[in-house]
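Take a look at the model below. This report follows a few helices and asks how they pack.

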Amino acid sequence: MLRILLINDTAKKVGRLKAALIEAGFEVIDESGLTIDLPARVETVRPDVILIDTESPGRDVMEQVVLVSRDQPRPIVMFTDEHDPNVMRQAIKSGVSAYIVEGIHAARLQPILDVAMARFESDQALRAQLLARDQQLAERKRIELAKGMLMKMKECNEEQAYTPDAPPGHEPPAEADPGGGADHCHERVARLKALYRLAWRHREQARSHRSCSH
């Protein structure tokens, strides 16, 4: 059974959504107004889904949704009387998984929540893919930077920079430390060596992958 955190942002219709949820057989684990710190409440009660009942979602509602979506992502369903498509787009952009304006009926709650859960899972998978891509791009930039610096320090070509051991006669030269000590130079060379070993492993993995594909 889904654990639902219900947020009432209207004075006139308090209880309408809770009654429909109970009628449909859902467990409402907490009910609050938007005067609370929503991210803190989510952390405390750990709901499966957040439902927001509001006549017209304002700035405060959107900000709370953004914070939850960023720090503690959950499927969020918003029931509202606001038909403005601009408000709907802003709500979806903020992190709302389903925006419902046609009223509340117990029989419709299950399919609404199913759609919200499916959309949330799809969005999370896409975000994970984008994050992994960004991390790979950042790692490639670090590797290319290290490769360029090593080619300069070792006075070697790109192929030699990728090898795990420096070619004879091409050991990284000891750099003069402007401060008069060698620790800074040694630390820098050690970091660069670690980066070019990482670059070499990536190169070998890429070669292996190409070999397997053929």
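## Helix α3 beside helix α4

This is a predicted model. In it, α3 and α4 (residues 85–94) pack at an angle of about 25 degrees. Their axes are 8 Å apart. Angles under 35 degrees count as roughly parallel, so α3 and α4 are roughly parallel to each other.

Which residues of α3 and α4 meet? From α3 come Met62, Val65, Val66 and Ser69. From α4 come Val87, Gln90, Ala91 and Ser94. By class, this contact has five nonpolar and three polar residues. No charged residue takes part in the contact of α3 with α4.

## Helix α3 beside helix α2

Helix α3 (residues 59–71) also packs with helix α2 (residues 38–45). Their axes come within 8 Å and cross at roughly 45 degrees. That angle makes α2 and α3 oblique to each other.

Leu38, Pro39 and Val42 make the contact on the α2 side. Gln64, Leu67 and Val68 make it on the α3 side. Sorted by class, the residues of this contact are five nonpolar, one polar and no charged.

## The two sides of α3

How far apart should the ends of α3 be? Helix α3 has 13 residues, and at 1.5 Å a residue they should span 18 Å. The end C-alpha atoms of α3 are 18 Å apart, so the model agrees with the expected span.

Now look around the axis of α3. Val61, Met62, Gln64, Val65, Val68 and Ser69 are buried. They cover an arc of only 160 degrees, which puts them on the same side of α3. What does the face turned away from that buried side carry? It carries the exposed residues Arg59, Asp60 and Arg70.

## The buried side of α2

Helix α2 has its own buried residues: Leu38, Pro39, Val42 and Val45. Their arc around the axis is only 145 degrees, so they lie on the same side of α2.

What do the buried residues of α2 pack against? Their partners are three strands and a helix: β1 (3–9), β2 (27–33), β3 (49–54) and α3. After α2 comes arginine 46. The phi of arginine 46 is positive, near 50 degrees.

## A serine in a loop

Serine 56 sits in the loop between β3 and α3. Is serine 56 buried, partly exposed or exposed? Its relative accessibility is 36%, so serine 56 counts as partly exposed.

Which residues does serine 56 touch, leaving out those up to four places away in sequence? They are Thr80 and Glu82. Compare serine 56 with valine 87, one of the α4 residues that meet α3. Serine 56 and valine 87 are 31 residues apart in sequence. In space they are 8.4 Å apart, C-alpha to C-alpha.

## The whole chain

Step back to the full protein chain. It holds seven helices and five strands. Along the sequence, they follow the pattern β-α-β-α-β-α-β-α-β-α-α-α.

The protein chain has 214 residues, and 35% of them count as buried. Now take the contacts with a separation of 6 or more. Of these, 67% are between residues 24 or more positions apart.

Terms used:
Residues are numbered from 1 along each chain as its sequence is written. This is a predicted model: local features need pLDDT of at least 70, side-chain atom pairs count only at pLDDT 80 or more; totals for chains, interfaces and linings use all residues. Side-chain values use heavy atoms; hydrogens and water are left out. Axes are lines fitted to C-alpha atoms, for helices over the stretch in contact, and angles run from 0 to 180 degrees between N-to-C directions. Helices (H or I, at least four residues) and strands (E, at least two) are DSSP runs, numbered from the N terminus. Angles under 35 degrees count as roughly parallel, over 145 as roughly antiparallel, 65 to 115 as roughly perpendicular and the rest as oblique. Contact means heavy atoms within 4.5 Å. Ala, Val, Leu, Ile, Met, Phe, Trp, Tyr, Cys and Pro count as nonpolar, Asp, Glu, Lys and Arg as charged, and the others, Gly among them, as polar. The expected span of a helix is 1.5 Å times one less than its number of residues. Buried means under 20% relative accessible area, exposed over 50%, partly exposed in between (1.4 Å probe, protein chains only). The arc is that of the directions from the helix axis to the C-beta atoms.
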